[in-house]
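Let's take a walk through this one together. Have the sequence and the 3D view open side by side as you read.

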Amino acid sequence: MLKAESKTAGGRGVERAVGERNGADAGRARDHAVPDPELVERAKRRRFTAKYKLRILREADSCTQPGEIGAMLRREGLYTSHLSAWRKQRDRGTLEALGRRRGRPKAHPLEEENQKLKGRLERSEAELTKARKVIEVQGNVSALLGELLGPRSAKVDESSEG
């Protein structure tokens, strides 16, 4: 059972259960119960390219007036810790290395081809083994049929002649 109340600010009605005590609690409870579909579940970590870092460092180094660096950091959404870490990286010469992607390096094309060929070889050998077993079974069946059918037909021929 829901009823509309028009005692709230602006005269807008608030729907709430009959047993609830005040309208403020009803609005807050409803907001927390339903997740906002616009929000991302997990924040995505920002990644900055080496080119971007160098551009920001050049821009920060060119600032001469008080407050310019702070304005630039606010505009870019950065922190002073970014600048200090990037300056250290630039001084050590590691900024070029940061431009490369993280993780395992890609395999050499010849190694990839080698792995594919090894897989094909293993599958072919498995098929060959299976084919050999089939041929062996067929040979055994043929020999059995030859033994079963061969002597009887000879005996049948002998008895019909006599």
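What follows goes from the overall layout to the core, then to the aromatic rings and finally out to the surface.

Keep in mind that this is a predicted model. The chain has six helices and two strands, and starting at the N terminus the order is β-β-α-α-α-α-α-α. Of its 162 residues, 13% count as buried. The chain exposes about 14800 Å², with carbon and sulfur atoms supplying 53% of that. If you look at contacts between residues at least 6 apart in sequence, 41% of them join residues at least 24 apart.

Now for the inside. The largest nonpolar core has nine residues: Tyr-52, Ile-56, Leu-57, Ala-60, Met-72, Leu-73, Leu-78, Leu-83 and Trp-86. Helix H2 (50-62), helix H3 (68-76) and helix H4 (80-92) each put in at least two of these, and H2 gives the largest share, with four. In soluble globular proteins, nonpolar side chains tend to be buried together.

Leu-78 is a handy residue to click on here. Setting aside neighbours within four places in sequence, Leu-78 touches Arg-46, Phe-48, Tyr-52, Ile-56, Leu-73 and Trp-86. Two of those names come back with His-82, which sits in helix H4: leaving out the same kind of close neighbours, His-82 is in contact with Arg-46 and Phe-48. Is His-82 buried or exposed? His-82 counts as buried because its relative accessibility is 17%, under the 20% cut-off.

On to the rings. The structure holds three aromatic pairs. One of them is Phe-48 with Trp-86, an edge-to-face pair with 5.2 Å from centre to centre and 70° between the planes. This pair bridges distant parts of the chain, since Phe-48 is in the loop between helix H1 (23-33) and H2 while Trp-86 is in helix H4, 38 residues apart. Trp-86, at 4% relative accessibility, counts as buried. Trp-86 also pairs with Tyr-52: the ring centres are 6.3 Å apart and the planes are at 80°, so this pair is edge-to-face too. Here the link runs from helix H2 to helix H4, across 34 residues. Tyr-52 is buried as well, and ring pairs tie Phe-48, Tyr-52 and Trp-86 into a cluster.

Finally, swing the view round to helix H6 (residues 109-161), where you'll find Leu-149. Leu-149 counts as exposed because its relative accessible area is 58%, over the 50% cut-off. Leu-149 belongs to a nonpolar surface patch with Val-137, Val-141, Leu-145 and Leu-148, and together they have about 480 Å² of accessible area.

Notes: Residues are numbered from 1 along each chain as its sequence is written. Side-chain values use heavy atoms; hydrogens and water are left out. A nonpolar core is a set of buried Ala, Val, Leu, Ile, Met, Phe, Trp, Tyr and Cys residues joined through side-chain atoms within 4.5 Å. Buried means under 20% relative accessible area, exposed over 50%, partly exposed in between (1.4 Å probe, protein chains only). Contact means heavy atoms within 4.5 Å. Accessible areas come from the Shrake-Rupley method with a 1.4 Å probe; for residues, only the protein chains shown count as cover. Patches are made of residues with over 30% relative accessible area and no salt bridge: like charges are joined within 9 Å, nonpolar side chains (Val, Leu, Ile, Met, Phe, Trp, Tyr) within 5 Å. A salt bridge is a side-chain nitrogen of Lys or Arg within 4 Å of a carboxyl oxygen of Asp or Glu. Rings of Phe, Tyr and Trp (its six-membered ring) pair if their centres lie within 6.5 Å; planes under 30 degrees apart count as stacked, over 60 as edge-to-face and the rest as tilted.
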